[in-house]
Every structure is written in structure tokens, then in C-alpha cells.
Amino acid sequence: MSIKNYNILDESGNVLNTIVADEEFMQQHYPNANYIERVEIQLPILKIISKASFRFKFTTAEYSALLLAAKTDIEVQTWVETFNLYTEINLDDPYVIESVDMMVNKNIIAPHRKDVILSIEGVAPVGTP
């Protein structure tokens, strides 16, 4: 589905109204396309997921290693305590990215897992059905 910005025009070409819709909606409600000027808009891809979705991006072994490291490493413990305050995780947040880097540097997760953990693939963003 491609969402677009439609300017509804009068006979003189003046804008009467502007709506955001997909092509199917426009064809159903405004079948005479001569009165519609189409301007494509790009919606940003939000990489905000639930805290639970983020937690389950880690394997059981990785998450167990993280919790074990938190018992002896204050930096890891601080991250765990901070993570527990969140309800949603923005995968583009510099703190989140730095935190995953920290886990790689401390051998809690393998380097190739960073991209998987920070990817929106396979996870529904918060607020989507």
C-alpha cells in the first residue's frame, strides 16, 4: 500500500482539500481522477519495538550471559537496570546501539548478532496490528 498526499482540486485548479490516502481509497471516493493532483510522500520507518520484543531478539544463552555479566560488571548492571525502566526500545537510539556494541565488546554476544538485534526484521513495530 502506497500512501500519498492528494490535493483535491476544483474546476479552476484551486486546492479545495488535501487528504492522505492510498490509491484504492481515492478510486472509490473520487472516481474522476481529473480533479486530483498526486504528490508522493515517504513515511519514515519507525524502529520502535516493545521491550519484550527486544528481549526476545537475544537467544536464551545470550540473555543468560548478559544477566550473569551484570552480577560482576557495573557497566552491564547499569544497562540491565536502565533497560528495566523502558517500555519501548528505539533501535535507532544511539544509547541502544552503544549498548549492543558494549555487549559485543564484552563477548556477551557475537559480533555478527549486532545487526540482527538492531534490525526491525521479524518484529512488528509498536502500534502496528
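Contact here means heavy atoms within 4.5 Å. With that in hand, let's look at helix H5 and the cavity beside it in this predicted model.

**Helix H5**

H5 takes in residues 94-105, twelve in total. Does the length add up, or what span should we expect? At 1.5 Å a residue the helix should span 16 Å, and its end C-alpha atoms are 16 Å apart, so the two figures agree.

At the N-terminal end, Asp-93 acts as the cap: one of its side-chain oxygens sits 2.8 Å from the backbone nitrogen of Tyr-95. Just past the other end, Asn-107 has a positive phi of about 60°.

Six names make up the buried set of H5: Val-96, Ser-99, Val-100, Met-102, Met-103 and Val-104. Here are elements that help cover those buried residues:

| Element | Residues |
|---|---|
| Helix H2 | 51-55 |
| Helix H3 | 60-70 |
| Helix H4 | 74-83 |
| Strand S5 | 88-90 |
| Helix H6 | 113-117 |

**The cavity**

The count gives one cavity of 30 Å³ or more, and the largest cavity holds about 60 Å³ of space. Its lining is made of Phe-54, Trp-79, Phe-83, Tyr-86, Ile-89, Tyr-95, Val-96, Ser-99, Val-100 and Met-103. H4 and H5 are the elements that give two or more residues to that lining, and H5 gives the most, with five.

What is the lining like chemically: nonpolar, polar or charged? Nine of its residues are nonpolar, one is polar and none is charged.

How values were computed: Residues are numbered from 1 along each chain as its sequence is written. This is a predicted model: local features need pLDDT of at least 70, side-chain atom pairs count only at pLDDT 80 or more; totals for chains, interfaces and linings use all residues. Side-chain values use heavy atoms; hydrogens and water are left out. Helices (H or I, at least four residues) and strands (E, at least two) are DSSP runs, numbered from the N terminus. The expected span of a helix is 1.5 Å times one less than its number of residues. Buried means under 20% relative accessible area, exposed over 50%, partly exposed in between (1.4 Å probe, protein chains only). A polar contact is a pair of N or O atoms within 3.5 Å; within protein, one must be able to donate a hydrogen and the other to accept it, and residues adjacent in sequence count only if both atoms are side-chain atoms. On a 1 Å grid over the protein atoms alone, a cavity is a set of points where a 1.4 Å probe fits but cannot get out, and a pocket is an open set with protein on both sides within 12 Å along at least five of seven lines; lining residues have an atom within 4 Å of a point. Grid points are joined across faces, edges and corners, and a volume is the space filled by probe spheres set on the points. Ala, Val, Leu, Ile, Met, Phe, Trp, Tyr, Cys and Pro count as nonpolar, Asp, Glu, Lys and Arg as charged, and the others, Gly among them, as polar.
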